[in-house]
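Trainee: I am new to this structure and would love a close look at one part of it. Could you walk me through the charged side chains that pair up, and then show me how they fit into the whole?

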Amino acid sequence: MTGPLLAVLMAVQFDSTPKPHTVMAIAQVALINTFVNRVDAWVFKQDWARSGTRVWGEHLRLGWEWDEDAFTTNMFAHPYHGGLYFNAARANGIGFFQAVPYAIMGSWTWEYFGEKYRPSLNDWYMTSFGGITLGEVFHRITATIRDNQATGRGRTLRELAALPMDPIGSLNRLVRGQWRARGVNPPEHNPGSYVFRIGGGVRVAKRLIADSTSARTGAMLVDLLYGDPFATEYRSPFDVFGVRLMLSSNGGFSSLRASGRVYGTNLNNPAHRARHVLAVNTRYDYFKNPAQSVGGQSIEIGINSRWPIGSRGYAFRTSLFVDGILLGAIDASGTGLGVRTYDFGPGGGARWEFGFDRHGARFVRVFGQWEYIHAVSGATADHIVDFSGIEANIPITRGLGIAAHSTIFHRISRYSTAPKDERNYPEARLLLVWTKASGLKL
Amino acid sequence: MVLTAPVAPASAQRTDRPHRSGLWGELGAGPGRVRIACSGCTDVVTAGGVTSYVRIGGTVSDRVVIGFEVFSLLDRGFGFLSADSTSTAETATAAVVVLWFPSRRGFFFKGGAGIAAGQFTIPGTAGADTSNNAGIGLTFGVGWDFAISRKFAITTNFAAYVTAVGDVILPGRRVDDVIATMYQAGISVTFR
């Protein structure tokens, strides 16, 4: 198996110009599927990976079904896997929109030919649409981390740091000798403006561990605002995006959210002090807490506004978006047929935000979001989830600060054959954060 | 010559477009085939049907147009069991679609996502039982615009539609997590 893998990757070293390499991208997508399948079959002895022509024929005859995998597998691992397909295209010079079919077809071929289980429709959705959003986020973050002008140990550390987020891009660069070669950085290397925040502290919540008592656990926050809708005129998809990761010491991911602009335009004259910008975003959501395990792939459209106050860079900032959930998932009782404990379905909703910032770095943020999910697989149910909160970031010294967050998660689920389920989950976090911001001239 | 190119009137630039430009619309029909699968089912049901569709949209670039499509399939002789053909199955998909013309010719790829609905009507002794459901829809396909004039074209379409419409509850039977996959060959009139 390593033979063909090396053969294709070796070929790319003669292929390092920035023009698109369609054949190479298609070959690498096929190789990802072959590699994952063979490793699972030969190394991990997984029976599901022993696919063949008889299984392929059966899959083509029977078509799609819904699978029974764990929530984290379907809602995180599959979108991450989709990002590999997407970035096989991006790493070979293919543009954002042109890379979309690679995620869709990479997932389709995996579902039909990569495993013994029947093709799973939810996997196709999550891998394709989640892969596009997470893939482009990872592509741009890693382009920022990598620096073709850097040398020595620092350069190697940058390449290694990028590896988990964009392994296909890293392998291509390794084989092309780009881990060491000096050259021009791609346009994505410089986001123009960004705010990066990382912090750790405590998370206090009721029902975190037991039903009636409050408990404390460790929490970690990583927050990145890449570009700014007011500082960056729309040039290309995901020239502005936000991503937030929250980890908890008692359960790994508690949330991962990424939202990137695929289209944007000014709604008023950019020379005006108050600015209004229309944006169409793709969004990836993953939340896991005692009130709800919920996630999905959405497209949202809305308006970002900014009202400057005085001349020292302070401003109020608002956002109002409506969204359509292409496919969401939410934990539900009585889901039904198999071992799965959550429903799948489409939906829609809205979110709003009011903030106070200086030069684009937010000090206070009040926000809310409401979403409706209609189950098409699982329980016969309609779910409404909402959460709202307030976040304050108080600077102490240059870069260091204290962040205080208070969030309430709430859900109501109405089942046709079971009582209504309503849950609340308030949570508070106190974190020591380090902020690095650059390029904001608002 | 150097001066004339940049100041060519907008109408001239518009006619230079190889395919659809500005607001466009398409209305078509054709035969289709539906395959219905469900959770816990060991086999699938397939049937033929009549499909129709309408698309309307605008132009993003010389090669990409975006639009809104409504597609429906109707089969008046459907049955969830192989011996049965007394039911009426109707499905509809409303999706945002993107058409990509890779060259200046009329050939295009289509992809889209949206919402779907399914209705299954079973005649019975006390009238008819109907199960209505809503869900998600995806569509992919290829097509070709054959130009008749600058404004009109005949378009051929070959497309697949995947719609998941949830549980279908029939008299004495419940079909869980229904997924209908439809294949369609259609011909349409396009104004562009």
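**Salt bridges in chain A**

Mentor: Let's begin with one pair: E136(A) and R140(A) form a salt bridge, and their closest N and O atoms are 3.0 Å apart. Please keep in mind that this is a predicted model. Both residues belong to helix α6 of chain A, which covers residues 121–145, and because they are four residues apart there, about one helical turn separates them. Are these two side chains buried or exposed? E136(A) is buried, with a relative accessible area of 0%. R140(A) also counts as buried, at 5% relative accessibility. The cut-off behind that word is a relative accessible area under 20%. As for the pairing itself, side chains of opposite charge can pair when their charged atoms come close.

Now to a second pair. D239(A) and R261(A) meet through their side chains in a salt bridge, at 3.2 Å from N to O. Where do the two partners sit? D239(A) is in the loop between β2 (214–226) and β3 (241–248) of chain A, while R261(A) is in strand β4 (residues 252–266), so this salt bridge ties together parts that are 22 residues apart in sequence. D239(A) and R261(A) are both buried.

A third pair is R283(A) with E300(A), a salt bridge whose closest N and O atoms are 2.6 Å apart. It links distant parts of the chain: R283(A) lies in strand β5 (residues 275–289) of chain A and E300(A) in strand β6 (residues 292–309), 17 residues apart. R283(A) is buried, and E300(A) is buried too. Which residues join this pair in a network? Through salt bridges that share partners, R283(A) and E300(A) are joined with R257(A), D285(A), D323(A), R351(A) and E371(A) into one network.

With those pairs in mind, step back to the whole set of charges. Over all chains, the count comes to 39 salt bridges. Chain A carries 47 positive and 35 negative side chains. The centres of these two sets lie 9 Å apart.

Next, the chain that holds our three pairs. Chain A has eight helices and twelve strands. Its C-alpha trace spans about 65 × 65 × 40 Å along the principal axes. A compact globule of 442 residues would have a radius of gyration near 22 Å, and the 22 Å of chain A agrees with that. Of those 442 residues, 54% count as buried. Looking at contacts in chain A with a separation of 6 or more, 64% are between residues 24 or more positions apart. The surface that chain A exposes is about 19,000 Å², and 64% of it is supplied by carbon and sulfur atoms.

Finally, say hello to chain B. It has one helix and eight strands. Starting at the N terminus, the helix of chain B is followed by its strands, in the order α-β-β-β-β-β-β-β-β. Chain B has 192 residues, and 46% of them are buried. Of the contacts in chain B between residues at least 6 apart in sequence, 60% join residues at least 24 apart. Its accessible surface is about 9,100 Å², with 65% belonging to carbon and sulfur atoms.

To find your way back to the start, look in helix α6 for E136(A) and R140(A), then go on to strand β5 for R283(A) and strand β6 for E300(A).

Notes. Residues numbered from 1 in each chain as written. Chains lettered and ligands numbered in written order. Predicted model: local features only at pLDDT ≥ 70, side-chain atom pairs only at ≥ 80, totals over all residues. Heavy atoms only, no water. Helix = DSSP H or I, 4+ residues; strand = E, 2+ residues; numbered from the N terminus. Rg over C-alpha atoms; globule rule 2.2 N^0.38 Å. Buried < 20%, exposed > 50% of the residue type's maximum accessible area, 1.4 Å probe, protein only. Contact = heavy atoms within 4.5 Å. Areas by Shrake-Rupley, 256 points an atom, 1.4 Å probe, with all protein chains shown as cover. Lys, Arg positive; Asp, Glu negative; His and termini not counted. Charge placed at Lys NZ, Arg CZ, Asp CG, Glu CD. Salt bridge = Lys/Arg side-chain N within 4 Å of Asp/Glu carboxyl O.
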